[in-house]
Amino acid sequence: MAADQLVVCSAIAGLANHLYFKNNEPSTAHYPLLALLVQPIGLVALCSTITLSNWLLSTAIFFGVLSSSIVAYRLSPWHPLASIPGPTLAKASKLWSVYIQLSGRKHRILKELHDQYGDFVRIGPNDVSCCNADAIKTVYGSGGFNKGHYYEPYTDPALNERNLFNMRDGAHANRRKLWNRGLSTDSLKGFEEVMSHRVQTMLDQIDRIVKSKEPVNIAAWFGFYAFDFMGDMAFGGGFDMLKEGSDKDGVFPMLQTAVKLTSVFTQIPWFTPTFNRLPGVQAIVQKAFHFAMVSGQKRIAAGPKELKDLWYHLMDEDDLEKVKPTVNEVLADGIMAVIAGSDTVAVALTTFMWCMIMHPDIHARVRAELDAVFPDGTSVYDCDKYDELKLLNACLQESLRLFPPVPTNGARKIPLGEPRLVAGRLLPEQTQIYMPPYVMHRNPKNFFPAPDSFDPDRWLRPESGSEILNRTAYLAWSYGAANCAAKNLANQEMLMALAAVLKRYDLSFANAEGRQWAEKSIGEYHITRVGKLELNAELR
Ligand code: HEM
């Protein structure tokens, strides 16, 4: 009798917990986990005698009913997203998205799902992916949706501060104003010299390798370049990977582990604060961000310099703001700048180079254009001339179309109590919606013909007949108020490095794997990461 009572009570408690958590999504896991773990033993104490077998019985029934009820509801016709097709496992549990995020293939998996199911795919119990370009303005435009809980784990764990990337509403607008000031056309002019200095160091190092007849791992050199330059921007200098020719402190693997872990937590954001409290985690986090703390302290000690770096503007060193940002806020933004601005640029440069070598005809045309715009005796570091490089610009745009460094973006969230019509579909409140650039860019409704092929001329020739070039669907830099804050800077940084490298060297794959590189070496953890790409380089 007591056992029957225990089974019934545990089952009712399981159902009650489902009802509670359905209406009260937790923001951390520690208290809810504790509450879940103590309930079975509490039930045993209430309904029966405390024995190991009773505790096991209560635990099994409680968690069995709780999880079956959650899964049954998510798969039922009463779920508000029931009409949106998608894989059953994705609808049933977030574990599916944790798995695809960990696989590094999320962008490719989403593409396959959209090919199978169409414009809208349910990719989580409350998550939808949409690849209909008509939705872009609704989702990202003015009056669009705020960033979803996807972005919560990006709160800096060492400083416990939000950065621009995961701020919302007024706080985002205020911080973005400082970023925009720091990345205005005037500010960019000031960065040209530092940028060209870094590119020249990269060329000197590649020259050295060319002399030794060794292959050049171009992915690594672009990584060092992007990282050193971001250090110049965010902290007024201090990183010297190009000069050292290595990542001797192992900063890249540390940052990449942090980025990969965070990308997994985007799928279970409520677990992040709990994870950060686990013994030893804080120490690892502090170690990972040590380089930024030290750089920030050095920058504070050095004070404002002649070059108005990003720190200068974010710290409001020219006293334009009524309320000055705190040092910790600026440190959090500085760390984010290094993460957001190094792998993205390095990956974009490497994929560009791969596209060039795969298309020798286009490569030859780009070099002819460079020789015309920069004849011998002129400097490729003259940024005023970059607009004249029509084909190089189109090639960059096209390689970013095929391989956007942020291939799926984060999710936006439909506001509480306000279901919204998105490209003709009514989506319920609190749905997280993704608009993955990788899928948008390869959708024949947006780019046609041959959306999967590298065809830079599609950006240059006049549109005709059945050709489609939907510029609104181009999301490499995202869209709206939270689009890439550094688009112009990144473009200039990439054009300078590309012009210099393409003008100086004859390049070819160093081994047979080169041709399969894009297929095999690109992984996505919110930001893309790439494996080594070895090239033979010879001075022209
Ligand atoms: C090829 C290079 C780059 C690409 C393709 C790129 C792309 C993007 C994209 C797609 C987003 C939106 C992501 C989302 O909403 O989830 C973004 C945001 C952002 N990017 Fe970039 N990015 C690049 C380089 C950089 C660089 C060099 C910086 C330098 C600091 C930077 C700083 C930022 C910041 C601060 C945001 C957040 C903006 C906001 O929320 O207001 N990015 N970027």
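Ile-50 sits in the loop between helices H2 and H3 of this predicted model. With a relative accessibility of 56%, Ile-50 counts as exposed, because the cut-off for that label is over 50%. Ile-50 also has company out there: together with Leu-34, Val-38, Ile-41, Leu-52, Trp-55 and Leu-56, it makes up a nonpolar patch on the surface. Added together, these residues offer about 670 Å² of accessible area. The two helices on either side of the loop pitch in as well, since H2 (30-47) and H3 (52-75) each give at least two residues to the patch.

From the surface, the story moves to a helix that is mostly under cover. Helix H17 runs over residues 327-358, which makes 32 residues. From its first C-alpha to its last, H17 reaches 46 Å, close to the 46 Å expected at 1.5 Å a residue. Of those 32 residues, 27 are buried, so H17 is mostly covered. As background, an α-helix has 3.6 residues a turn, so residues three or four places apart point the same way.

H17 also turns up at the wall of a small hidden space. The count of cavities of 30 Å³ or more comes to 3, and the largest of them has a volume of about 60 Å³. Its lining is made of His-107, Arg-108, Val-347, Thr-351, Leu-402, Phe-403, Pro-404, Pro-407, Tyr-438, Ile-522 and Thr-528. Both H17 and helix H6 (106-117) supply at least two residues of that lining.

Charged side chains come next. Side chains of opposite charge can pair when their charged atoms come close. The structure holds 36 salt bridges, and one of them involves H17 again: Arg-175 and Glu-329 meet through their side chains, with an N to O distance of 3.8 Å. Arg-175 belongs to helix H8 and Glu-329 to helix H17, so this pair ties together parts that are 154 residues apart in sequence. The two partners differ in how covered they are: Arg-175 is buried, because its relative accessible area is 8%, while Glu-329 is partly exposed at 23%.

Another salt bridge joins Lys-503 and Asp-371, at 3.0 Å from N to O. Here Lys-503 lies in helix H21 (residues 487-504) and Asp-371 in helix H18 (residues 360-373), so the link ties together parts that are 132 residues apart in sequence. Lys-503 counts as buried because its relative accessibility is 19%, just as the cut-off of under 20% demands. Asp-371, at 29%, counts as partly exposed.

Asp-319 and Lys-324 form a salt bridge too, and their closest N and O atoms are 2.7 Å apart. Asp-319 is exposed, with a relative accessible area of 56%, whereas Lys-324 is partly exposed at 40%. This pair does not stand alone: Asp-319 and Lys-324 are part of a network of salt bridges that also takes in Lys-177, Arg-181, Asp-316 and Glu-321.

A few spots in the backbone are worth a look as well. Most residues other than glycine have a negative phi, and most peptide bonds are trans. Asp-169 goes the other way, with a positive phi near 50°. Asp-169 is placed in helix H8, which covers residues 169-182, and this residue is exposed because its relative accessible area is 56%. Gln-430 is not a glycine either, yet it has a positive phi of about 70°. The home of Gln-430 is the loop between strand E7 (425-427) and strand E8 (432-434). At 31% relative accessibility, Gln-430 counts as partly exposed.

The peptide bond from Phe-448 to Pro-449 is cis, and its omega is near 5°. Pro-449 is found in the loop between strand E9 (447-448) and strand E10 (468-469).

Finally, there is a meeting between two residues with a lot of chain between them. Val-259 and Tyr-525 are 266 residues apart along the chain, but their C-alpha atoms are separated by 6.7 Å. Val-259 is part of helix H12 (residues 251-265), and it counts as buried because its relative accessibility is 14%.

Methods. Residues are numbered from 1 along each chain as its sequence is written. This is a predicted model: local features need pLDDT of at least 70, side-chain atom pairs count only at pLDDT 80 or more; totals for chains, interfaces and linings use all residues. Side-chain values use heavy atoms; hydrogens and water are left out. Helices (H or I, at least four residues) and strands (E, at least two) are DSSP runs, numbered from the N terminus. The expected span of a helix is 1.5 Å times one less than its number of residues. Buried means under 20% relative accessible area, exposed over 50%, partly exposed in between (1.4 Å probe, protein chains only). Patches are made of residues with over 30% relative accessible area and no salt bridge: like charges are joined within 9 Å, nonpolar side chains (Val, Leu, Ile, Met, Phe, Trp, Tyr) within 5 Å. Accessible areas come from the Shrake-Rupley method with a 1.4 Å probe; for residues, only the protein chains shown count as cover. A salt bridge is a side-chain nitrogen of Lys or Arg within 4 Å of a carboxyl oxygen of Asp or Glu. On a 1 Å grid over the protein atoms alone, a cavity is a set of points where a 1.4 Å probe fits but cannot get out, and a pocket is an open set with protein on both sides within 12 Å along at least five of seven lines; lining residues have an atom within 4 Å of a point. Grid points are joined across faces, edges and corners, and a volume is the space filled by probe spheres set on the points.
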